Amino acid sequence: MKKKNAFLFFSNNQGFGLIEATISIGIVTIFIVAFTSLIVQAIKTSSINNNELKATMYLQELIEISKDLEQTETGWDTLTLASSFCGQPPFCHPEIQQDPDTPTDRWWGLSLGPESPESGFTRSLSIVVIPNSGIPGVEAKQITATVEWDNGSQQRIMASNLYYKPTP
Amino acid sequence: MRKDKKKSGFTLVETIVMFAVVIIIVTTIMSVVVSGLKHIRYIKNLGRLHSNAVYLVNTLNYWIKQGEDLNVPSPSILEVTLPNSPTKKVIDDSMFNTSDIQVNALTFTQLAKSVQISFTLQAENEELHIQTTIAQRNNLY
């Protein structure tokens, strides 16, 4: 009986068949597609997180600006005036006001309509008077901050109440 | 009598084709892997920038909320006067720079009862710009 040489397995002059070639190309393709799709998904998730962080900052800023206006008589008057036109669309947005004589003297004001703090983001502030604050001598207002991004497909809303005690 | 020895192995054409195929496959895999690693690094840096941005805003929030009075002597410096304390807390970008994250253009704009803050964080080639406002604590509620 003829003994088979192990080395002849690789040199049987047959080469790779179509099936082997197809399988090897298929394995390589699966690896490349899987790795690429994983990276693409990771980039998308990262971009979503980035936008959500920015949106949260812009939203929080609106609430903080309202808290600034809540603390002074001038600011409260601004909120009272704005509540007559900011309670319904197109709502309001904050703007820094500056004294032309003393440029370092700055304060927050409110203007009609939403604003775009950055390309792709839109935010607005709604102000509604609460008739009865529940606390004697204290006035109250409800504010609702809204930020939209990704062409309006993503939206985040935050609401808060403001209180002010006018000096008698 | 000696028999003719049967020739075996790859021909020159087969070898060249094999090398070409191997080079194409290796190049494709390498470019995908290198590009993937680059993106993984970008995502990692962005994550670090996010956590640092949140830390920076939280720290500023902590000091501003408990400050009795705020002063911005220059756009890059914020002085916070604490209640019942003769010293002022001075805040600038040196508070937040770390070995791998750099805080650029930290600027403060003083308003009636708040401070507008703007800064850019940089980790390697990635940058994150943040603008926000923090109000003082309302003494009423």
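This is a short talk on a predicted model with chains A and B, mostly on how chain B is built and how it meets chain A.

I'll start with the overall outline of chain B. Its secondary structure amounts to one helix and six strands. Read from the N terminus, the order is α-β-β-β-β-β-β, so to speak of the helix of chain B is to speak of α1(B).

Next, the dimensions. Along the principal axes, the C-alpha atoms of chain B fill a box of roughly 115 × 30 × 20 Å. The radius of gyration of chain B is 30 Å, whereas a compact globule of 141 residues would have one near 14 Å. Of those 141 residues, 23% are buried. Looking at contacts in chain B with a separation of 6 or more, 38% of them are between residues 24 or more positions apart.

Now the sheet. Three strands of chain B form an open sheet in the order β4-β5-β6, and the pairing is antiparallel. Which strands are at the edges? Those are β4 and β6 of chain B, each of which pairs on one side only. On average, and ignoring direction, neighbouring strands in this sheet are turned by 15° against each other. As a general reminder, strands of a sheet pair through backbone hydrogen bonds, either parallel or antiparallel. Between β4(B) and β5(B), which covers residues 114-123, there are seven bridges. Phe108(B) has Ile117(B) of β5(B) standing opposite.

What packs on this sheet? Helix α1 of chain A, residues 18-70, does, touching β5 and β6 of chain B. The direction of this helix makes about 25° with that of β6(B). The helix of chain B, α1(B), also lies across β5 and β6 of chain B, and runs at about 20° to β6(B).

That brings me to the contact between the chains. Here 28 residues of chain B are in contact with 31 residues of chain A. On the chain B side, α1 (12-66), β4 (102-110) and β6 (126-135) each supply at least two residues. The most comes from α1(B), with ten residues. By type, this side of chain B divides into 13 nonpolar, 14 polar and one charged.

Last, the core. The largest nonpolar core has 44 residues. Those with the most contacts inside this core are Cys86(A), Cys92(A), Leu125(A) and Ile127(A), together with Val115(B) and Leu121(B). Take Ile127(A): leaving out residues up to four places away in sequence, Ile127(A) touches several others, including Leu79(A), Ala82(A), Cys86(A), Cys92(A) and Ile143(A).

Notes:
Residues numbered from 1 in each chain as written. Chains lettered and ligands numbered in written order. Predicted model: local features only at pLDDT ≥ 70, side-chain atom pairs only at ≥ 80, totals over all residues. Core = buried A, V, L, I, M, F, W, Y, C linked by C-beta atoms within 7 Å. Buried ≥ 20, exposed ≤ 12 C-beta atoms within 10 Å, placed from the backbone. Contact = placed C-beta atoms within 7 Å. Helix = DSSP H or I, 4+ residues; strand = E, 2+ residues; numbered from the N terminus. Nonpolar A, V, L, I, M, F, W, Y, C, P; charged D, E, K, R; others polar. Pairing = 2+ DSSP bridges. Axes fitted to C-alpha atoms, helices over the stretch in contact; angles between N-to-C directions. Rg over C-alpha atoms; globule rule 2.2 N^0.38 Å.
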